[in-house]
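Reader: Hello! I would like to go through this model with you and ask how each label is earned. Shall we begin?

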Amino acid sequence: MIIQWYPGHMAKAKRVIGEQMKIIDVVIELRDARIPAASENPVLRELIQQKPRVLVLNKSDLADPFVSEAWKQQFATEGTECVLLDSKAKSSRQELTRRIMSAGRPILERWERRGLRARSLRTIILGIPNVGKSTLINTMARGYVAAIADRPGKTRGQQWVKIGKQLELMDTPGVLWPKFDDPQAARMLAATGAIVDEVFDAEEVVAGLLRHLAEHYPSALRQRYGEEIPTEEAAAMLLYIAQRRGCLLPGGTVDKEKARRIVLQDFRQGRFGRVSLESPEGWNEA
Ligand code: G4P
């Protein structure tokens, strides 16, 4: 999916989600567990206001479990409970459903107190591109294919998936833009694939990624590319990788571009094992 976020796109996304919020009870915010701060959309809080929110750190199967635990505690001290999820896993459905019902309980209780007939809680998945929104919708919807007829008014054309007795999930996610303004965050977003390859400087991103791996996950780097990899300098690491992987241009010059693509691909596919790019203490190099 190629999305270039221009001010017009952002204004539209904001408008659409603002409109949808009128009929949503509980928001599911997806972030990338490898970069829980960098993968936050800058205006999401403003958009959802006081609505109950379930914060999901997704792709947790790719993130460092110790760092993810630290994030969980950090969010807890800020009063936010978060859930670590692998949206491809079937078990995620039950876990997320439980969290949504728990976040929405005050609403159900309010309806009961007012003597209103309880309806299902309506929920939507929001997040930046590539964070796993569609995958999670598919996992949630599996086995519950019953699509609900259009509702009148503003949501015409919008389909809902009924999950169990008390929950409905909007079948299209809300897509929000990532943080572009913070160069550090932008580099991490590029490394994870949240920013499309055409719009970032691969040289900088891969150099940062290699420095980060060398500092925090050196054995993963050695295991992947060879025991002798020189980990002091990004340029030397890249050269070593290019040579080991036979990245050569006609004439025998080193194809650094190809080596960079290999490193990015390896990271995105989890071939370094479980790696996080930022921790609550703030370490990052990417
Ligand atoms: P989006 O709707 O937010 O844009 O994201 P989408 O679900 O399309 O997921 C983007 C990529 O991330 C997909 O990989 C998807 O399989 C992968 N993904 C989503 N959630 C998780 C997760 O929890 N763990 C892991 N490891 N991967 C996840 P892809 O390479 O684009 O497609 P595919 O190779 O899986 O078909």
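Author: Gladly, and please keep in mind that the model is predicted. A good place to start is N130, where a polar backbone atom is 2.8 Å from an oxygen atom of the ligand.

Reader: What makes that pair at N130 a polar contact?

Author: A polar contact is a pair of N or O atoms within 3.5 Å. The pair at N130 is 2.8 Å apart, so it counts as a polar contact. Two side chains can be judged in the same way: a polar atom of D61 lies 2.8 Å from a nitrogen atom of the ligand, and one of S134 lies 2.7 Å from an oxygen atom. Taken alone, the ligand exposes 710 Å², and the protein buries 64% of that.

Reader: Which residues are closest to the ligand, and which helix gives the largest share of the shell?

Author: Of the 15 residues that surround the ligand, the closest are D61, S87, K133, S134 and T135. Helix α5 (residues 133–141) gives the largest share of the shell, with 3 residues. The space that the ligand takes is the largest pocket.

Reader: How do you know that β7 pairs with β4 and with β6?

Author: Two strands pair if there are at least two bridges between them. Strands β4 and β7 have 3 bridges, in the parallel sense, and β6 and β7 have 4, in the antiparallel sense, so both count as pairs. L121 stands opposite L167 in β7, while V161 has L169 as its bridge partner.

Reader: Why are both faces of β7 called covered?

Author: Buried means under 20% relative accessible area. L167 and L169 on one side of β7 are buried, and so are E168 and M170 on the other.

Definitions and conventions
Residues are numbered from 1 along each chain as its sequence is written. This is a predicted model: local features need pLDDT of at least 70, side-chain atom pairs count only at pLDDT 80 or more; totals for chains, interfaces and linings use all residues. Side-chain values use heavy atoms; hydrogens and water are left out. Buried means under 20% relative accessible area, exposed over 50%, partly exposed in between (1.4 Å probe, protein chains only). Helices (H or I, at least four residues) and strands (E, at least two) are DSSP runs, numbered from the N terminus. A residue is near a molecule or strand if one of its heavy atoms lies within 4 Å of it. A polar contact is a pair of N or O atoms within 3.5 Å; within protein, one must be able to donate a hydrogen and the other to accept it, and residues adjacent in sequence count only if both atoms are side-chain atoms. Accessible areas come from the Shrake-Rupley method with a 1.4 Å probe; for residues, only the protein chains shown count as cover. On a 1 Å grid over the protein atoms alone, a cavity is a set of points where a 1.4 Å probe fits but cannot get out, and a pocket is an open set with protein on both sides within 12 Å along at least five of seven lines; lining residues have an atom within 4 Å of a point. A molecule sits in a cavity or pocket if more than half of its atoms lie within 2 Å of its grid points.
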